[in-house]
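Colleague: I am new to this one. Could you show it to me and let me ask how some of the labels were chosen?

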Amino acid sequence: MTTLADPPVAPPAHREPPVRRRGRKSRAGRTNHAGKLTYAILTVAVLVSAFPFYWTIVAASRSNADLAQVPPSLLPGPNLLRNFEAVLEEADIGKALLNSFIVSGSITVGTVLCCTLAGFAFAKLRFRGRGALLAITVGTMMIPPQLGVIPLFMLIAELQWVNQLQAVILPGLVSAFGVFFMRQYLVQSLPDELIEAARVDGASTARIFWSIVVPVARPGMSVLGLLTFMAAWNDFFWPIVALSSSEPTVQVALRQLGGGYVHDQSVIMAGTLLGTLPVLLVFGLLGRQIVGGIMQGAVKG
């Protein structure tokens, strides 16, 4: 019996290696590293930003004669504690720090709470005249605050609040910027589906605010809280009008330092250093939440 041989198998064709095109290489999973130029620019920016604070420490630790030298020394001196003692003798800085904490803390809490409530109403609630009220609120930011000093002082004089802390606290409990800031944040960060689901479950508007809005808005509230605290802490114009030297805030108390024919710049800088440390402490405690809130708003925007 004759068998047929298997047909010969053709050798596999030679395949050319795939040509890799430049510029289309996948970068998934890789970490981008900044170049040397970027690090150099960031280093210069950090040094320029931190130098005023460093110079405050240097000037607060030296004498007035040392600061008058040309060129002045850039290293801290031995007079820091002595200048702090001079600050405590010339101004009631302890009472001023306490008053500033009371004023700034009250304004911060009131502004964050009221502006979050108003921002939620403008962002997610439907009511008549919402657009007009928001336009009026934002329009008040165009009015210089100096124009309202005289009528505001007449009002607190009628209420007999002159030289009392509530005269500084109550006018700052709400800000148009805070309302607009929280409104924009909640428009982007709070989905309408969450509110609709809560409505279906029978939640009231107050329950929705405390259980849904506040947790979502916490990063934005942290940012607004820091900005408000810094503005209230550094405010000088209205506290010096409404308060006297017997009930000063930090900025009003610093005005009493370095008196005489020749101002003692080292004592003034020592008082400035004491007034700056609480702000740095607050930023150190809330810095992570603040940066996270800014980055979250930037990604969602």
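Modeller: Happy to! Keep in mind that this is a predicted model. Let's start with Q251, which is found in helix α12, residues 250-254.

Colleague: Why is Q251 called buried?

Modeller: Its relative accessible area is 17%, and buried means under 20%, so Q251 is buried.

Colleague: What makes the approach of the Q251 side chain to the backbone oxygen of W233 a polar contact?

Modeller: The side chain of Q251 reaches that oxygen at 3.1 Å, and the cut-off is within 3.5 Å. Q251 also touches N234, D235 and F236, besides W233, leaving aside residues up to four places away in sequence.

Colleague: How many salt bridges are there?

Modeller: The count comes to 3 salt bridges.

Colleague: Why do E247 and K95 count as one of them?

Modeller: Their closest N and O atoms are 3.2 Å apart, and a salt bridge needs them within 4 Å, so the pair qualifies. E247 lies in the loop between α11 (237-242) and α12, and K95 in helix α4 (residues 93-124), so the pair ties together parts 152 residues apart in sequence.

Colleague: And how do you know that D66 and R62 form a salt bridge?

Modeller: Here the closest N and O atoms are 3.7 Å apart, which is again within 4 Å.

Colleague: What about K124 and D192: is each buried or partly exposed?

Modeller: K124 has a relative accessible area of 14%, so K124 is buried, under the 20% limit. D192, at 38%, is partly exposed, because that label covers values between 20% and 50%. Their side chains meet in a salt bridge at 2.8 Å, N to O.

Key: Residues numbered from 1 in each chain as written. Predicted model: local features only at pLDDT ≥ 70, side-chain atom pairs only at ≥ 80, totals over all residues. Heavy atoms only, no water. Helix = DSSP H or I, 4+ residues; strand = E, 2+ residues; numbered from the N terminus. Buried < 20%, exposed > 50% of the residue type's maximum accessible area, 1.4 Å probe, protein only. Polar contact = N/O pair within 3.5 Å; in protein donor to acceptor, adjacent residues only side chain to side chain. Contact = heavy atoms within 4.5 Å.
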